[in-house]
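Here is a short walk through one protein model, written with a modeller's eye. Have the viewer open and follow along.

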Amino acid sequence: MFIELDSLFNQGINSIKLNYKFDFSDEEINGVFPFTTPVELKGEIKNTSGIVTVSADITFSLETVCDRCAEDTKLDFVIPMEHELVSSLNNEETDEYILVEDMKLDIEQLTLEDIFLALPVRFLCKEDCKGVCFRCGANLNEGPCGCKKEIDPRLEALLGLLDE
Ligand SMILES: [Zn+2]
Ligand SMILES: [Zn+2]
């Protein structure tokens with residue numbers, strides 16, 4: 001999905017509205033294909049006194065599994081897309097700008113890149129997910145599993161000292 005930027009850079013157009021839905025259902029993350037619903041992009045690309053910026057919100061959900069308890073998990077995200085677009089670079093390589101030499105912006109690719117940059121390292125069903133018991137595998141969010149708690153030997157020694 002390419003957007004023509006020539007009108008914005010060279011023909012006095014001030015703004016191009018962005019309102020897209022992208023299908024990323026063939027994108028894999030950690031062995032699952034979590035984009036089961038379309039990814040929405042809403043915002044605009046504008047030219048403000050010669051500075052061309054893209055400013056939008058990327059709204060999407062991921063259907064994945066919790067990295068701690070392995071339960072199915074649906075996570076909702078809204079992440080900002082903020083970039084400055086330039087048609088040429090005076091200096092060397094930089095990450096601060098997106099170069100659109102041929103006046104074409106691959107907005108779909110940019111959306112995907114921004115999503116991957118913003119995703120958390122781990123997906124959790126909830127902030128305080130208790131995970132599974134490492135001995136019996138029970139989901140500890142559903143209550144204690146009945147395994148005997150092991151006391152850290154160092155803690156045990158300390159408790160022994162307190163008893164004396
Ligand atoms: Zn979990
Ligand atoms: Zn257990």
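Two strands are said to pair if DSSP finds at least two bridges between them. With that in hand, and remembering that this is a predicted model, we can start with the sheet.

**The sheet**

Strand β3 (residues 39–48) and strand β4 (residues 51–65) are antiparallel partners, joined over 9 bridges. Asn47 stands opposite Val52 in β4. The sheet as a whole is open and holds 5 strands, in the order β2-β3-β4-β5-β6, with mixed pairing. Its edges are β2 (15–22) and β6 (97–99); each has a single partner strand, so one side of each is left without a neighbour in the sheet. On average, neighbouring strands are turned by 30° against each other, direction ignored. Helix α2 (residues 107–118) lies across β2, β3, β4, β5 and β6, and runs at about 120° to β5.

**The core**

In soluble globular proteins, nonpolar side chains tend to be buried together. Here the largest nonpolar core has 35 residues, and those with the most contacts inside it are Leu5, Ile45, Phe60, Leu85 and Ile107. At least two residues of this core come from each of α1 (6–10), β2, β3, β4, β5 and α2. The most generous element is β4, which gives 6 residues. Ile45 is worth clicking on: beyond residues up to four places away in sequence, Ile45 touches a list of residues including Leu5, Leu8, Val54, Leu85 and Leu105.

**The zinc site**

Which residues are the protein donors of the zinc ion (ligand 1)? They are Cys66, Cys69, Cys125 and Cys129, each through SG, at 2.2 to 2.3 Å from the ion. Their spacing in sequence is C-x2-C-x55-C-x3-C. The arrangement counts as tetrahedral because the 4 donor atoms subtend angles of 106 to 113° around the zinc ion.

**Buried or exposed?**

The table sets two of the zinc donors beside Pro80, a residue of strand β5 (residues 72–86).

| Residue | Relative accessibility | Class |
|---|---|---|
| Cys66 | 3% | buried |
| Cys69 | 6% | buried |
| Pro80 | 52% | exposed |

Pro80 counts as exposed because its relative accessibility of 52% is over the 50% cut-off. Even so, Pro80 has contacts from elsewhere in the chain: not counting residues up to four places away in sequence, Pro80 touches Ala56 and Asp57. Pro80 and Asp57 are 23 residues apart along the chain, with their C-alpha atoms separated by 4.6 Å.

Definitions and conventions: Residues numbered from 1 in each chain as written. Chains lettered and ligands numbered in written order. Predicted model: local features only at pLDDT ≥ 70, side-chain atom pairs only at ≥ 80, totals over all residues. Heavy atoms only, no water. Helix = DSSP H or I, 4+ residues; strand = E, 2+ residues; numbered from the N terminus. Buried < 20%, exposed > 50% of the residue type's maximum accessible area, 1.4 Å probe, protein only. Contact = heavy atoms within 4.5 Å. Donors = N, O, S within 2.8 Å, 3.2 Å for Na, K, Ca; no water. Tetrahedral: all angles 85-135°; square planar, octahedral: opposite > 155°, others 65-115°. Axes fitted to C-alpha atoms, helices over the stretch in contact; angles between N-to-C directions. Core = buried A, V, L, I, M, F, W, Y, C linked by side-chain atoms within 4.5 Å.
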